[in-house]
Amino acid sequence: MKRVGTLLTLLTMSLASSIHAGDDTEALYQQHCASCHGVDRLGGMGPALLPENLHRLRPDAARRVITGGRTATQMEGFGERLSAEAIERLTNHIYTPLKEIPPWGMEEIAASRVVHTDPAQHSPTPLFDADPQNLFIVVELGDHHATLLDGDSFEPVHRFQTRMNVHGGPKYSPDGRFVYIGSRDGWITKYDIYNLTPVVEVRAGINTRNIATSNDGRFVVAANYLPHSITVLDADLRPLKVIPAAGRDGTSSRVSAIYTAPPRDSFIAALKDVKEVWEISYRDPPPQGFGSWTHDYRPESGDLRESEPFPLRRISVDDYLDDFFFDLGYTTVFGASRDGGKGLVVDLDTGRRLAELALPGFPHLGSGITWEYRGRRVLATPNIREGAVSIIDLESYEIIKRIDTLGPGFFMRSHDNTRYAWVDVFFGPHREAVHVIDKESLEIVETLRPAPGKTAAHVEFTRDGSHALVSIWDDDGAVVIYDAKSLKEIKRLPMRKPSGKYNVHNKTHYRSGTSH
Ligand code: DHE
């Protein structure tokens, strides 16, 4: 056995040295990386190795991973087998764009579908004893897992593997039995919470931003950077339509995000590279008549029937809008300018601009929340470039207060049953801090530091708002549970770099203090 090992090592060394001697970098990639990351770099067992998918990983970090491997994954280190020069070439290679983006249409998406189990064969009620409406999915980025957490006992019910690099909020089916989890590499997993098993997976895009589910549970959509498209799937992740993303003038665009607008029976999409907001209807039957609702995204649309599903409305706007917040009735959208510094308020019915907001830095409107403040409804938004929370009157669109924080923040949360709103300080030297803001006085009343020296971020409340859960965003991290009234810690659960936490009831009821 030892001899075989030695022979293999010698063989690998001689192959490696022959590569040093002259083979090109592509051959090096095919030999060492393709089996896990795909012959075309689109990903396989390992993540896609394309500049778009790697933009959050610096090349020197990638070099370290190629050299030393990555713990808790099957990525082994190549430092002993490849020269520093070969590793450098591989690093440059994976940050080089593909000459051509391969097609990722209906056929490819359908072919990627992996069916794990048939939910009809499983229990229609949970296999465990916990309030199914007060469960949380906690995403753990550290080792690509998710924990199903009981929101009453604060005991984990189950822990399961996810695809790598889950991003954006997982979305629940309306009854809360299934959760859909999206990854940056475009994978969507449908997971049966009641039976603790994955159901089906599909790759909806090559580089995906986020996913949304229709409020009636019939459809799942994905917003993609690669290719420039929106993928519409049925609830079992069978592709129904791929909508190429291009502006009226044909300019191709990345899709920054897609959201569900329940009262409108539609999805609203943010386009990164064209000055348009899109509304895609899933109303049944679809809105009639071609005019504002069209299928003009489909060049071969000669044979369109008016009853065809998923027609599109293009709303022209004055700016590139990247990140959205909606009022409670989903009649207006607040969009943050792609280049920062301002926001626009647009009436979704008329398509008219209602106001321009001079917001400092880079407001993270997607994390905005609303509450009643002295007889009027306000929106509070954190800011990812400035240490400030802006409070905006939702009727006059005036910024009524700027709350200075210890640094830029990413996520903000509250609940109807609590007097506080929580915001993290994700960036800068004070990232260990979480501010608690009194929704009545609009003042910071407490600054918590659950794990000094470690980033504390993303808060979510239990169904009744009695407890707030905070992530310690570290590989040796935790979810820390606070009494939402006394602000005292009541429990700490060790976890591997927990990021977002999502309460079934709060999410499926589109509660105003949480993300939708
Ligand atoms: Fe996110 C949600 C965009 C970087 C963690 N993030 C979202 C959403 C958008 C978005 C549009 C809302 C989608 C949804 O939930 O359905 N995020 C962006 C960016 O443009 C940005 C700044 C740059 C990028 O690389 O994409 C960005 N996001 C990050 C991170 O660096 C975070 C902190 C770590 C990570 O996982 O990559 C991060 N984003 C999150 C999380 C949510 C999210 C945890 C869900 C929040 C929620 O409570 O719903």
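Which residues do ring pairs link into a cluster? The tour returns to this question after a visit to the ligand. The structure on display is a predicted model.

**First stop: the iron atom and the ligand**

Select the ligand and centre the view on its iron atom. The protein supplies a single donor to this iron, atom NE2 of His167, at 2.2 Å. His167 belongs to the loop that runs between strand S4 (156–161) and strand S5 (171–172).

Next, display the residues around the ligand. There are 23 of them, and those that come nearest are His167, Lys171, Arg209, His458 and Ser515. Sorted by class, this shell contains ten nonpolar, eight polar and five charged residues.

Three polar neighbours of the ligand may now be selected in turn:

- Lys171: an N or O atom of its side chain is 2.5 Å from an oxygen atom of the ligand.
- Gly169: here a polar backbone atom is 2.8 Å from an oxygen atom of the ligand.
- Arg413: a polar atom of its side chain lies 2.8 Å from an oxygen atom of the ligand.

Colouring by secondary structure shows where the shell comes from. Strand S9 (207–213), strand S13 (255–261) and strand S34 (498–503) are the elements that each give two or more residues to it. The largest share belongs to S9, with three residues.

**Second stop: the aromatic rings**

Now show the side chains of the aromatic residues. Across the whole structure, 19 aromatic pairs are found. Select Phe410 and Phe427, a tilted pair whose ring centres are 5.6 Å apart and whose planes meet at 35°. The two residues are 17 positions apart and link distant parts of the chain: Phe410 is in the loop between strand S25 (399–404) and strand S26 (412–413), while Phe427 is in the loop between strand S27 (420–424) and strand S28 (434–438). Phe410 counts as partly exposed because its relative accessibility is 23%. Phe427 is also partly exposed, at 28% relative accessibility.

Move on to Trp422 and Phe461. Their ring centres are 6.2 Å apart and their planes stand at 85°, so this pair is edge-to-face. Trp422 is in strand S27 and Phe461 in strand S30 (residues 456–461), so the pair ties together parts of the chain 39 residues apart in sequence. Both Trp422 and Phe461 are buried.

The opening question can now be answered by selecting five residues together. Phe410, Phe411, Phe426, Phe427 and Trp473 are linked into a cluster by ring pairs.

**Third stop: charges over rings**

Select Arg163 together with Trp187. The charged end of Arg163 sits over the ring of Trp187, at 3.7 Å from the ring centre. Then select Lys190 and Phe178: Lys190 lies over the face of Phe178, 4.3 Å from the centre of the ring.

**Fourth stop: two buried residues**

Val138 is part of strand S2 (residues 135–140). With a relative accessibility of 0%, Val138 counts as buried. Add Val479 to the selection: although the two residues are 341 positions apart along the chain, their C-alpha atoms are separated by 8.8 Å.

Thr462 follows, in the loop between S30 and strand S31 (467–472). Its relative accessible area is 1%, so Thr462 is buried. The side chain of Thr462 is joined to that of Asp464 by a polar contact of 2.9 Å.

**Fifth stop: backbone features**

Where are cis peptide bonds to be seen? One runs from Leu226 to Pro227, with omega near -15°. Pro227 is in the loop between strand S10 (219–226) and strand S11 (229–234). Another joins Asp284 and Pro285, and its omega is about 0°. Pro285 is in the loop between strand S15 (276–281) and strand S16 (293–294).

Finish with two arginines. Arg41 is not a glycine, yet its phi is positive, at about 70°. Select the loop between helix H3 (34–37) and helix H4 (59–68) to find Arg41. Is Arg41 buried or exposed? Arg41 counts as buried, with 5% relative accessibility.

Arg374 also has a positive phi, near 50°, without being a glycine. The loop between strand S22 (369–373) and strand S23 (376–381) holds Arg374. At 58% relative accessibility, Arg374 counts as exposed.

Terms used:
Residues numbered from 1 in each chain as written. Predicted model: local features only at pLDDT ≥ 70, side-chain atom pairs only at ≥ 80, totals over all residues. Heavy atoms only, no water. Donors = N, O, S within 2.8 Å, 3.2 Å for Na, K, Ca; no water. Helix = DSSP H or I, 4+ residues; strand = E, 2+ residues; numbered from the N terminus. Near = heavy atom within 4 Å. Polar contact = N/O pair within 3.5 Å; in protein donor to acceptor, adjacent residues only side chain to side chain. Nonpolar A, V, L, I, M, F, W, Y, C, P; charged D, E, K, R; others polar. Phe/Tyr/Trp six-rings, centres within 6.5 Å; stacked < 30°, edge-to-face > 60°. Buried < 20%, exposed > 50% of the residue type's maximum accessible area, 1.4 Å probe, protein only. Lys NZ or Arg CZ within 6 Å of the ring centre and 35° of its normal.
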